[in-house]
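Dear colleague,

Please find below the structure that I am handing over to you. My notes on what was found in it follow directly after.

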Amino acid sequence: MKERIQKILARAGYGSRRSCEEMISSGRVRVYGQVVGLGDKADDSKDAITLDGRPIKKAEDFVYVALYKPRGVISSVTDPDLRTAVRDLVPVEGTLYPVGRLDFDSEGLILMTNDGDLANKLTHPRYEHEKEYRVLVASHPDQDQIGRWRRGLVLESGFRTSPARVSVASRFGKGTWLNVILKEGTKRQIREMGRVTGLLVARIIRVRIGELHLGNLKPKEWRYLTPAEVHALKKPARSKRSVMDSEK
């Protein structure tokens with residue numbers, strides 16, 4: 001059966017649907033020697049599909065792993081500077097790559113998989129899958145600072161954030177633990193939100209991606225997802241909730 005070629009590549013573990021589309025757009029993919037374009041279809045059971053001149057591999061069985069990424073680990077498969085990468089922490093054979101990223105200094109839940117379709121749905125902004133974080137700031141924020149996070153604000157880069165759901169979890173000495181839920185994620189977004197509102201972010205722990213929770217995992221620990229967790233992740237995101245309401 002013919003399918004869009006970016007879907008075939010993603011299913012075979014070459015990356016997210018979006019990254020596979022970039023491979024096609026750059027002319028790296030051919031069928032029977034002919035360069036293909038976005039939207040072209042093929043049958044991977046019989047058509048000769050190549051990437052960079054090499055036949056693509058057959059699709060692997062899908063693997064889904066939840067990992068607690070510690071601070072000081074790169075959210076990638078490999079690192080040119082030879083720092084520890086998340087792939088190094090999961091001794092599972094075959095292709096496996098992280099879905100979404102956490103900054104080098106951030107920690108918490110990372111999903112590792114070879115399911116490109118799921119990776120695309122969890123990372124593309126239009127699907128609005130929530131990411132939940134515990135954030136330690138080095139002071140006690142006032143209502144104006146929290147209100148700016150809730151309403152959305154313009155970062156120093158010029159990027160305007162969407163409204164976030166923010167609540168105070170607890171005080172921690174001179175600091176405060178916040179619970180922050182986003183439906184987007186630009187580079188170092190939470191730290192930059194803190195910077196422009198005068199809140200020094202000391203620690204970030206991601207505790208949830210969509211319906212997948214960090215649970216009792218400790219740094220460097222990992223586990224396979226249950227079938228029920230995989231099914232929940234593949235469902236459409238929950239209906240939108242107002243982020244302007246006061247958090248309880």
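V135 stands opposite I204 in strand 13. The strands named here are DSSP runs (E, at least two residues; helices would be H or I, at least four), numbered from the N terminus. Two strands count as paired if DSSP finds at least two bridges between them.

Before going further, I should state that this is a predicted model, in which local features need pLDDT of at least 70 and side-chain atom pairs count only at pLDDT 80 or more, while totals for chains, interfaces and linings use all residues. Residues are numbered from 1 along each chain as its sequence is written, and side-chain values use heavy atoms, with hydrogens and water left out.

Strands 10 to 13

Strand 13 comprises residues 201-209 and pairs with strand 10 in the antiparallel sense over 7 bridges. Strand 10 also pairs with strand 12 (residues 175-182), again antiparallel and over 7 bridges. In that second pairing, V135 has L178 of strand 12 as its bridge partner. Strand 10 spans residues 131-137, and 6 of its 7 residues are buried, where buried means under 20% relative accessible area, exposed over 50%, and partly exposed in between (1.4 Å probe, protein chains only).

Strand 12 is also joined to strand 11 (residues 165-172), in the antiparallel sense and over 7 bridges. There, F172 is bridged to G175 of strand 12. The hairpin of strand 11 and strand 12 has 2 residues between the strands, and G173 takes a positive phi near 60° in it.

The open sheet and D52

A further 4 strands form an open sheet with antiparallel pairing, in the order 3-2-5-6. Strand 3 (34-35) and strand 6 are the edge strands, each with a single partner strand, so one side of each has no neighbour in the sheet. Strand 2 (residues 29-31) is joined to strand 3 by 2 bridges, and V31 has Q34 of strand 3 as its bridge partner.

D52 lies in the loop between strand 5 (49-51) and strand 6 (54-55). D52 counts as partly exposed because its relative accessibility is 48%. The side chain of D52 makes a polar contact with the side chain of R28, at 2.7 Å. A polar contact is a pair of N or O atoms within 3.5 Å; within protein, one must be able to donate a hydrogen and the other to accept it, and residues adjacent in sequence count only if both atoms are side-chain atoms. D52 and R30 are 22 residues apart in sequence, and their C-alpha atoms are 8.3 Å apart in space.

Yours sincerely
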